[in-house]
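Reader: I have a structure open here and would enjoy talking it through with you. Shall we go piece by piece?

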Amino acid sequence: AKSMVDDKVIDWGPIVAAQYENAGVVFTAVRYAKDGLKEDYYQPDGRSLKSMFLRSPLRFARITSKFSMARFHPVLKVRRPHYGVDYAAPTGTPIRAVGAGKIVDRRYRKTSGKFIKIRHNATYHTAYKHLSRYAKGIKKGARVEQGQVIGYVGSTGLATGPHLHFEFYERGRVIDPLGRKFPSSDPLPQDMIPAFKEVAATAISELPPWSDEEEKQASSF
């Protein structure tokens with residue numbers, strides 16, 4: 001979508017529809033928002049293009065300890081299960097909620113330090129431990145959005161240095177989130193799909209055609 005003044009483009013506005021190719025597969029996204037629905041991009045059949053969870057609660061961090069059933073604890077000096085993933089990062093590094101949900105616990109524990117637990121739905125929960133402090137407005141019962149900053153890296157509780165201990169729960173059991181494929185975010189409600197498909201068909205028809213010549217020109221820049 002673009003805004004014109006005297007035949008000149010002054011603003012391109014948000015992308016209405018787009019296509020890209022990856023490993024020989026063409027992916028299509030169409031922007032849609034109606035009847036109070038939050039604006040987002042969907043596949044032509046109404047499925048969301050956004051994953052239910054971010055790959056990591058930190059934008060930039062180094063994994064220092066993975067999920068393990070018999071890890072040597074650096075403080076206690078014994079082997080015990082490590083039900084989570086540790087990310088090393090400087091104190092104060094923002095921590096993001098990996099998915100939308102509701103904070104069901106937010107307090108201090110002797111071993112976990114300052115921590116937060118989020119219920120994403122009936123199946124998934126996540127926990128974030130050893131925080132230095134909580135973000136503004138983060139309290140038990142609060143709703144959070146995917147990617148929202150909920151706290152900051154620290155070393156409270158039983159920790160040798162600043163890091164985030166991240167735990168992922170599926171149906172009440174802690175699991176290893178690394179490399180696991182999670183479902184996409186919520187699709188469009190069924191009663192919205194017919195109207196969306198009409199919008200999608202129009203938007204997709206206005207996309208420029210794929211051609212070898214266009215690809216050659218693009219690769220020459």
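Reader: How many bridges join strand β4 to β5?

Author: Happy to start there, with the reminder that this is a predicted model. Strand β4 covers residues 25–32 and runs antiparallel to β5. One of the bridges pairs Arg-31 with Tyr-41 of β5. The number of bridges that join the two strands is three.

Reader: Which strands stand at the edges of that open sheet?

Author: The sheet has three strands in the order β3-β4-β5, paired antiparallel. From one strand to the next, the twist averages 30°. An edge strand here has a single partner, so one of its sides is left without a neighbour in the sheet. That description fits β3 (17–22) and β5 (40–42).

Reader: Which helix packs on the sheet, and what angle does its direction make with that of β4?

Author: The helix spans residues 193–205 and touches β3, β4 and β5. It is helix α1, and the angle between its direction and that of β4 is about 120°.

Reader: What distance separates the end C-alpha atoms of α1, and what span should its residues have?

Author: Helix α1 has 13 residues, and the expected span follows from 1.5 Å a residue. The expected span agrees with the distance between the end C-alpha atoms, because both come to 18 Å.

Reader: Where do the buried residues of α1 fall when seen down its axis?

Author: The buried residues of α1 are Ile-193, Phe-196, Ala-200 and Ala-203, and they pack against β3, β4 and β5. On the face turned away from this buried side, α1 carries the exposed residues Pro-194, Glu-198 and Ser-205. The buried residues line one face of the helix, because they fall within an arc of 85°.

Reader: Is Glu-206 buried or exposed?

Author: Glu-206 is found in the loop between α1 and α2 (212–219). Ala-17 is 189 residues away from Glu-206 in sequence, yet their C-alpha atoms are 8.7 Å apart in space. Exposed means over 50% relative accessible area. Glu-206 has 64%, so it counts as exposed.

Reader: Let's turn to the cores. Which element gives the most residues to the largest nonpolar core?

Author: That core has 28 residues, and those touching the most other members include Ile-95, Ile-116, Tyr-128 and Leu-164. Two or more residues come from each of β9 (85–88), β12 (113–119), β13 (124–134), β15 (149–153) and β16 (163–170). The most, four residues, come from β13.

Reader: Which residues does Ile-118 touch, leaving aside those up to four places away in sequence?

Author: Ile-118 is one of the residues that touch the most other members of the largest core. Its contacts include Ala-97, Gly-101 and Lys-102, as well as Tyr-124, His-125 and Thr-126. Also among them are Ile-103, Val-104, Tyr-128, Val-144 and Ile-150.

Reader: How many residues does the second core have?

Author: The second core is separate and includes Ala-17, Tyr-32, Leu-188 and Ala-200. Ala-200 is also one of the buried residues of α1. The number of residues in this second core is 11.

Reader: Is His-130 buried or exposed?

Author: His-130 lies in strand β13 and has a positive phi of about 70° although it is not a glycine. Its relative accessibility is 7% and the cut-off for a buried residue is under 20%, so His-130 counts as buried.

Reader: And Arg-171, is it buried or exposed?

Author: Arg-171 also has a positive phi, near 55°, and is a residue other than glycine. Its place is the loop between β16 and β17 (173–175). With 63% relative accessibility, Arg-171 counts as exposed.

Conventions:
Residues numbered from 1 in each chain as written. Predicted model: local features only at pLDDT ≥ 70, side-chain atom pairs only at ≥ 80, totals over all residues. Heavy atoms only, no water. Core = buried A, V, L, I, M, F, W, Y, C linked by side-chain atoms within 4.5 Å. Buried < 20%, exposed > 50% of the residue type's maximum accessible area, 1.4 Å probe, protein only. Contact = heavy atoms within 4.5 Å. Pairing = 2+ DSSP bridges. Axes fitted to C-alpha atoms, helices over the stretch in contact; angles between N-to-C directions. Expected span 1.5 Å × (residues − 1). Arc of directions from axis to C-beta.
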